[in-house]
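This briefing covers one protein model, from a single serine to the overall fold and a patch on the surface.

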Amino acid sequence: QISWTPLLLLGYLFYLLLGAMVFQLLEKQTETHFRDQFQLAKLNFLQNYTCLDRQALEKFVQVLMEAWEKGVNPEGNSTNPSNWDFSNSFFFAGTVVTTIGYGNLSPSTVAGQIFCVFYALFGVPLNLAFLNQLGKGLNAHLLTLERWVQKPGRAQVWLAVFLTTGTLLFLVFPPLVFSYVEGWSYGEGFYFTFITLSTIGFGDYVVGTNPNKHYIPVYRSLTAIWIVFGLAWLALIFNVGADLMEKFLQLKWHKSDLSLAEGATTKLEDEPEQPRIHIPS
């Protein structure tokens with residue numbers, strides 16, 4: 001049998017190359033524009049404040065970047081809420097075990113970094129086991145519904161209801177909440193929702209980080225709980241998609257193998273039997 005693994009590998013590499021070309025086409029020119037704007041803004045700043053020189057300005061920019069890397073938002077003042085209160089720490093713990101890793105916040109102490117390593121070492125398998133069990137529970141409910149509904153076609157209806165309900169709860173309605181609370185557009189909220197639940201977690205959009213807004217204490221904790229259940233649902237969808245893709249590829253190759261076998265058989269049947277020649281020793 002012909003293995004479909006090489007084809008899958010080629011398709012995987014082609015998909016990465018295609019994504020790289022499209023992202024470069026869409027983003028490179030905009031990045032150049034923003035870079036030029038930033039350099040122009042620095043020149044205008046130096047012209048307006050002649051008491052500063054370029055070296056002092058670059059040093060201050062470096063301070064801002066270091067503060068941002070440490071999770072301190074340069075906007076606002078010292079009255080901003082702490083990034084490490086219980087609600088934010090609970091949210092961070094969730095991003096660690098789910099491997100989302102936004103990157104906007106990380107431990108700065110050596111003790112915190114070491115604890116984070118061991119916390120993730122045991123927490124990531126625990127999270128996978130929990131999500132796997134949760135996914136099995138959801139799958140079991142689907143099988144129960146399929147057994148309960150005996151008429152043909154009803155199982156597909158219930159599957160469609162399951163997919164629609166999950167899409168509304170985890171992908172459609174949450175962006176409305178984030179748009180209202182964070183001040184994002186719906187597109188930005190939907191982008192954050194999918195990037196989070198897929199565990200990509202770029203960190204360009206993170207809830208509860210705007211210093212100009214007042215959040216309720218449990219806002220990020222509730223978001224963390226939503227993330228866990230959303231991860232289980234989207235992981236189930238991804239697994240179904242992966243299974244369908246594998247079955248599709250295997251079916252294609254199986255049909256190809258059958259066609260080759262049938263063609264070879266037909267060719268042998270059509271060809272007249274060749275006389276056997278006895279070669280004496």
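Ser89 is partly exposed because its relative accessible area is 23%, and partly exposed covers values between the 20% limit for buried and the 50% limit for exposed. The model is a predicted one. Points on Ser89, the whole protein and the nonpolar patch follow.

**Ser89 and its surroundings**
- Ser89 sits in helix H3, which spans residues 86-97.
- Once neighbours within four places in sequence are set aside, the contacts of Ser89 are Asn83 and Trp84.
- Arg220 is 131 residues away from Ser89 in sequence, yet their C-alpha atoms are 9.3 Å apart in space.

**The protein as a whole**
- Seven helices and zero strands are found in the protein, giving the order α-α-α-α-α-α-α from the N terminus on.
- Of the 281 residues in the protein, 23% are buried.
- Taking contacts between residues at least 6 apart in sequence, 60% join residues at least 24 apart.
- The exposed area of the protein is about 20700 Å², with 67% of it supplied by carbon and sulfur atoms.

**The nonpolar surface patch**
- A nonpolar patch of about 990 Å² lies on the surface, and its residues include Leu168, Phe173, Tyr191, Ile200 and Phe238.
- Helix H5 (154-182) and helix H6 (186-197) each contribute at least two residues to the nonpolar patch.
- Leu168, one of the patch residues, belongs to helix H5.
- Leu168 has a relative accessible area of 33%, so this residue is partly exposed.

How values were computed: Residues are numbered from 1 along each chain as its sequence is written. This is a predicted model: local features need pLDDT of at least 70, side-chain atom pairs count only at pLDDT 80 or more; totals for chains, interfaces and linings use all residues. Side-chain values use heavy atoms; hydrogens and water are left out. Helices (H or I, at least four residues) and strands (E, at least two) are DSSP runs, numbered from the N terminus. Buried means under 20% relative accessible area, exposed over 50%, partly exposed in between (1.4 Å probe, protein chains only). Contact means heavy atoms within 4.5 Å. Accessible areas come from the Shrake-Rupley method with a 1.4 Å probe; for residues, only the protein chains shown count as cover. Patches are made of residues with over 30% relative accessible area and no salt bridge: like charges are joined within 9 Å, nonpolar side chains (Val, Leu, Ile, Met, Phe, Trp, Tyr) within 5 Å. A salt bridge is a side-chain nitrogen of Lys or Arg within 4 Å of a carboxyl oxygen of Asp or Glu.
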